[in-house]
Amino acid sequence: MALNARLDHRNPLVFDTHELGRRPGALQRLKPTIDAPRDLSLQGVVGVPEGAPVELRLRLESVMEGVLVTGTARATAKGECVRCLEPLEQQLEAEFQEMFSYPDADDRGRVKAEPADDAEDDEDRLFIEDGLFDLETVLRDAVVLALPMQPVCQDDCPGLCSECGARLADDPDHHHDAVDIRWAALQGLAGSLEDGEKDEISGAEAGVDEKQEK
């Protein structure tokens, strides 16, 4: 079997369609478990670690213009709760469907008489190359879209105390006595007056003691 130099059949995300064939309606089901490639993540938030197991359930269907691939990917995503900043793990399931076109067929499945000149149409299409197709881009797009934008360790996570940073889930009764800033200056003034009165009383008592001694 000739292999395209750009696709490595040893790559676990490169699949061979030779067994499926090109007869429209032919089906093939695959259940591989692969190591997660890089960048299955929302940078710095949550993602599937590189090398973590990813369970794939694939359905390959031969159609006139290529192979229609439908599947799901299951994995464990890891990250940090956006409320309390604690590490978290979440089970993730991503669904996808993609058409991989035969390079020698047009949109209706007919063999092209000459190479197409419309490069823009081909830019967004994925192709089968020498009977092989690479699922990595499709998998990455599906997993990233399925990741939560604001991951939380639990739906009702109360987060952190805005004053001291304590994790509120560990201490439900945690609180700080609120001080109205409108009264803070008066409380400071009152404290100063009390200190002044104490000094005056202490001075008066000292004067009395001196007179008594004389």
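**Figure 1. Order of the elements along the chain.** From the N terminus on, the elements of this protein follow one another as β-β-β-β-β-β-β-β-α-β-β-α-α, in what is a predicted model. The secondary structure comes to three helices and 10 strands. Of the 214 residues of the protein, 29% count as buried, and the accessible surface comes to about 14600 Å², of which 48% belongs to carbon and sulfur atoms. When contacts between residues at least 6 apart in sequence are considered, 64% of them join residues at least 24 apart.

**Figure 2. Strand S7 and its pairing with S5 and S6.** Strand S7, which spans residues 66-80, is joined to strand S6 (residues 53-63) by nine bridges, and these two strands run antiparallel. Leu60 stands opposite Val69 of S7, and S6 and S7 form a hairpin with two residues between them. Strand S5 (residues 46-48) also pairs with S7 in the antiparallel sense, here over two bridges; Gly47 has Lys78 of S7 as its bridge partner.

**Figure 3. The hairpin of S7 and S8.** The antiparallel strands S7 and S8, the latter covering residues 87-101, are joined by 15 bridges, and Glu80 stands opposite Pro87 in S8. Six residues lie between the strands of this hairpin, and Leu85 takes a positive phi near 65° there. In a regular strand, the side chains alternate between the two faces of the sheet.

**Figure 4. Cys81 and Cys84, two cysteines outside any disulfide.** A search of the whole structure finds zero disulfides. Cys81 is in no disulfide, and the nearest cysteine sulfur, that of Cys84, is 3.7 Å away, whereas a disulfide would require the two sulfur atoms to be within 2.5 Å. Likewise, Cys84 is in no disulfide, with the sulfur of Cys81 as the nearest cysteine sulfur. Cys81 is buried, with a relative accessible area of 0%, and Cys84 also counts as buried, at 4% relative accessibility.

**Figure 5. The largest nonpolar core and the surroundings of Leu56.** The largest nonpolar core has 33 residues, and those with the most contacts inside it are Val48, Leu56, Phe96 and Leu135. Strand S4 (40-42), S5, S6, S7, S8 and helix H2 each supply at least two residues of this core, and the largest share, five residues, comes from S7. Leaving aside its neighbours within four places in sequence, Leu56 is in contact with ten residues that are listed here in two sets: Leu13, Phe15, Leu30, Lys31, Pro32 and Ile34 on the one hand, and Thr72, Ala73, Leu135 and Leu139 on the other. Apart from the largest core lies another core, of five residues, among them Cys81, Leu88, Val152 and Cys157.

**Figure 6. The buried side of helix H2.** Helix H2 spans residues 136-146, and its buried residues are Val138, Leu139, Ala142 and Val143. Because these four residues cover an arc of only 120° around the axis, they lie on the same side of H2. Leu139, one of the buried residues of H2, is also among the residues in contact with Leu56, and H2 is one of the elements that supply at least two residues of the largest nonpolar core.

How values were computed:
Residues numbered from 1 in each chain as written. Predicted model: local features only at pLDDT ≥ 70, side-chain atom pairs only at ≥ 80, totals over all residues. Heavy atoms only, no water. Pairing = 2+ DSSP bridges. Buried < 20%, exposed > 50% of the residue type's maximum accessible area, 1.4 Å probe, protein only. Arc of directions from axis to C-beta. Contact = heavy atoms within 4.5 Å. Areas by Shrake-Rupley, 256 points an atom, 1.4 Å probe, with all protein chains shown as cover. Core = buried A, V, L, I, M, F, W, Y, C linked by side-chain atoms within 4.5 Å.
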